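This report walks through some local features of one structure for a reader who has not met it before. It takes up backbone details, then open and enclosed spaces, and then a helix and a strand.

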Amino acid sequence: MSDLTSSDERLRVISTDAPPGGQSRKTGDFEPALTLMGEHDLCPGCGEPVALRQILDSIDGMNLGQKTIGVVGIGCYTALTSLMDIDLIQALHGRAPSVATGAKRMRPDCLVFTLQGDGDMVNEGLQEVIHTAARGESVTCILLNNGVFGETGGHMTATTVLGQRTKNTIDGRDAKRDGYPILISEMLAQLQGTTYVARGSVHDAKGVARVRRFLDRAFSSQMKGQGFSFVEILTMCPTGWFLPTAKGPEYLDEQLGAVHEVGEIKKDGILIERKVSPGR
Amino acid sequence: MTIPTTEPTTEPTTERRLMEGSEAIVESAIAAGCRFFTGYPMTPFTEVLEHFARRLPEEGGACINAESELEAIGQAWGAAATGFRAATGSTGQGLALMQESMSEITRAEIPIVIFNMSRGQSDYYQATRGGGHGDYRHIVLAPQSVGEAVELVQLAFHLADSWRHPVLIYGDYLLAHTCESVAIERRDYGALPAKDWAVDGSLGGTGRSRNLNPIGMTKGSKGIDPNGFWQALWEKEQRIEAAEQRFEVEDADDAEVLIVAFGTLARFARAAIQDLRAEGLRVGLFRPISLWPFPSEALARAAKGCRLVACLEQNSGQMIDDVRLALNGSHPVVAIGGISTDAAGFGIGALLDSERIASRARDAYHGRPVSQGVVA
Amino acid sequence: MSRPQPKGTVVIDTARCKGCELCIPACPPSVLRMSTRRNASGYLLPELLEGCTGCGACLLICPDYCFEVYRLDGDQQPARAANAGTVADTRELPVAQETRG
């Protein structure tokens, strides 16, 4: 492929205004499945809609669109509810796991999932997700983790990593002053009621594809009634990180990803042995 | 997917038997089709949870031992959002934790019944003013006896569904733990509209999927219209206020002094009034059954011929605000109740004594000062 | 040099694009680059060079759902962009006409 990256004068710019004529197959639609409209006002370079695409495609791929109830927390992603063509219940900051519990108890044959940010789930709602996991509710909690409270402008949460600059840790999170980040996936994996736990990241296409696989496994586990499943998805927030959008993926991978490590953590109720990086 | 029937699977008890208030409340809720409950133990609410935990699985329902009141109100929210009759409860302190959610549930127009088995009457403000953030009220019904509680619990589920609005049952220790001879009969309050708004997953992918939310977000549109949303909620509350005032008046036609009292305390007031009447004192009783909407016009009418209104409540003076607002300066209003509780703080105070109440009412009747503050 | 057989192409919804540039490094054959054209919102737009394989990586990574992906069969040659130029004259290019596939 190396000759394609040589001098631009030798390369033609291809028109991308209209579908190709002649023999071709569309292999990807603009919008994800189960979407009413694709337009949203989230920041350029935001990882949350990238994650949402995989969630909706996973639900549709399993043919569960008409048997799904989503319970949404409060954060930037709340605005994405206008796009989602699935039945939803809007919950309060941190409280989605309990609402999901009530919904699942009354509609046990539905796929019930929560969609929450790190500020929502790990700050405000830490006890809710822990109790729901410990109870082994067959719901899937999904965490969009960008290490900040995005909607208020980029403030420290319980998952903010040491050294990360936010509006209220402007010189970097300091352990002595601000404490340490909570690694929520690892924490929930310790509970007996938890069956499946995985953490993915949408910083590159390979990561996105992996997120899709984790979601498929989590949802599948729920539909088999196997207890609590959890998928944490690291997402870019260049606005909250004071970065140009193009630097978001690298920051996600190298700063957040170094602490909140990507991978499957628990499967079928069994913890998976993982290599733990030194010096975290 | 259709919402399954909420008919109970067993016949409701129809023969009279001795039942403590907590049990009667639970049996009545089950007769009303409640199939989900969740709660956290706290005196004097605990037995309500115990009875639900025992009975709901027998009825094909679910009862969760919530890890805290935050879980409880959230779980009830989720269950009710799917269209089933659901309830939760606590006592005042636990309800304090639930207030944010209760405010949002009210705005999302989700029907839910909440029990406050209160430690006295000090939660009147919390119950009637919209104890959480923002501008809202929910319906509050205050039974005076186990028999009335059986009625009001079923009415609560009906009103909740009919208005898509939370209803709070204001009970107390005495109500929860007194045994009375009651028969539970299922009451039919009339047809209710189908719960098209309930979230059951079935509209996913149709373009008409639901988002049951407390701020008026709509699918396919990026913005919200808070003013429009609040206008609609306010208008609904105005309609509820006009339609759902409930009260009882006794001996007011010739009364000089009208006692206003709610809940179990009103029964003590009634006994006191009987004694006062026997002495020749013309005293009547006005008992609000709905604390919100407060039966203001009815109170003003009942007080017409009176020269004094005496507000009897087991707190430092909360309902007295509504009494004064209802009368709008037409009568002098004096407080003859007070904070009164037992050594454990559960609300079985010295004020719960018809002779004590009669004495305080007699003082008010004769224009003598009534001691304020604590009644010990 | 002979041009490799094009395997795929994309349609880009330039109206919705927010110029975040995530698609650029995400593309495995590196055939996306930022142009100097802007849409009506003022965002810089990506453009496609020869060599797309239709792998869909751009579609996966795009936060604004701006990509539609096609696999080309047979002797398909994707159309040359009417307003394409070399790197040198990009400064003079007009505002791109916004497209929606």
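In this predicted model, R164(B) lies in the loop between α6 (146–163) and β7 (167–172) of chain B. Although R164(B) is not a glycine, its phi is positive, at about 55°, and with a relative accessibility of 22% the residue counts as partly exposed. A second residue of chain B can be described in the like terms: E109(B), which is not a glycine, has a positive phi near 60° and is placed in the loop between α4 (92–107) and β5 (113–118) of chain B. E109(B) is partly exposed, its relative accessible area being 25%.

Chain B also has cis peptide bonds that lead into a proline, and the table sets out two of them with the loops concerned.

| Cis peptide bond | Omega | Loop that holds the proline |
|---|---|---|
| T43(B) to P44(B) | near 0° | between β2 (36–39) and α2 (46–55) of chain B |
| W292(B) to P293(B) | about -5° | between β13 (290–292) and α10 of chain B |

**Open and enclosed spaces**

The second largest pocket holds about 440 Å³ of space. Of the 21 residues that line this pocket, those closest to its centre are T128(B), R137(B), Q238(B), E241(B) and W292(B), and W292(B) is also the residue joined to P293(B) by a cis peptide bond. Two or more lining residues come from each of α8 (226–243), α10 (296–302) and α11 (319–327) of chain B, with α8(B) giving the largest share, seven residues. By kind, the lining of the second largest pocket divides into nine nonpolar, five polar and seven charged residues.

As for enclosed space, there are five cavities of 30 Å³ or more, and the largest cavity contains about 100 Å³. Its lining is made up of 14 residues, among which C17(C), C20(C), C23(C), C62(C) and F67(C) lie nearest the centre. The lining of this largest cavity consists of ten nonpolar residues, one polar residue and three charged residues.

**A covered helix and a covered strand in chain A**

How far apart are the end C-alpha atoms of helix α1 (residues 48–61) of chain A? They are 20 Å apart, and this agrees with expectation because 14 residues at 1.5 Å a residue should span 20 Å. The helix is mostly covered, with twelve of its 14 residues buried; among these are E48(A), R53(A) and D57(A), as well as V50(A), L52(A) and I55(A). The cover over the buried residues of α1(A) includes β3 (68–72), β5 (111–117), β6 (140–145), α7 (205–223) and β10 (228–234) of chain A, together with α2 (57–61) of chain C. Just after α1(A), N63(A) takes a positive phi of about 60°.

One of the elements covering that helix, β3(A), is itself mostly covered, since five of its five residues are buried, each under 20% relative accessible area. In a regular strand, side chains alternate between the two faces of the sheet. Both faces of β3(A) are covered: T68(A), G70(A) and V72(A) are buried on one side, and I69(A) and V71(A) are buried on the other. The strand pairs in the parallel sense with β5(A) over five bridges, where I69(A) has V112(A) as its bridge partner. β3(A) also pairs in the parallel sense with strand β4 (residues 87–90) of chain A, over four bridges, and there the bridge partner of V72(A) is Q90(A).

Definitions and conventions
Residues are numbered from 1 along each chain as its sequence is written. Chains are lettered from A and ligands numbered from 1 in the order in which they are written. This is a predicted model: local features need pLDDT of at least 70, side-chain atom pairs count only at pLDDT 80 or more; totals for chains, interfaces and linings use all residues. Side-chain values use heavy atoms; hydrogens and water are left out. The expected span of a helix is 1.5 Å times one less than its number of residues. Buried means under 20% relative accessible area, exposed over 50%, partly exposed in between (1.4 Å probe, protein chains only). Contact means heavy atoms within 4.5 Å. On a 1 Å grid over the protein atoms alone, a cavity is a set of points where a 1.4 Å probe fits but cannot get out, and a pocket is an open set with protein on both sides within 12 Å along at least five of seven lines; lining residues have an atom within 4 Å of a point. Grid points are joined across faces, edges and corners, and a volume is the space filled by probe spheres set on the points. Ala, Val, Leu, Ile, Met, Phe, Trp, Tyr, Cys and Pro count as nonpolar, Asp, Glu, Lys and Arg as charged, and the others, Gly among them, as polar. Two strands pair if DSSP finds at least two bridges between them.
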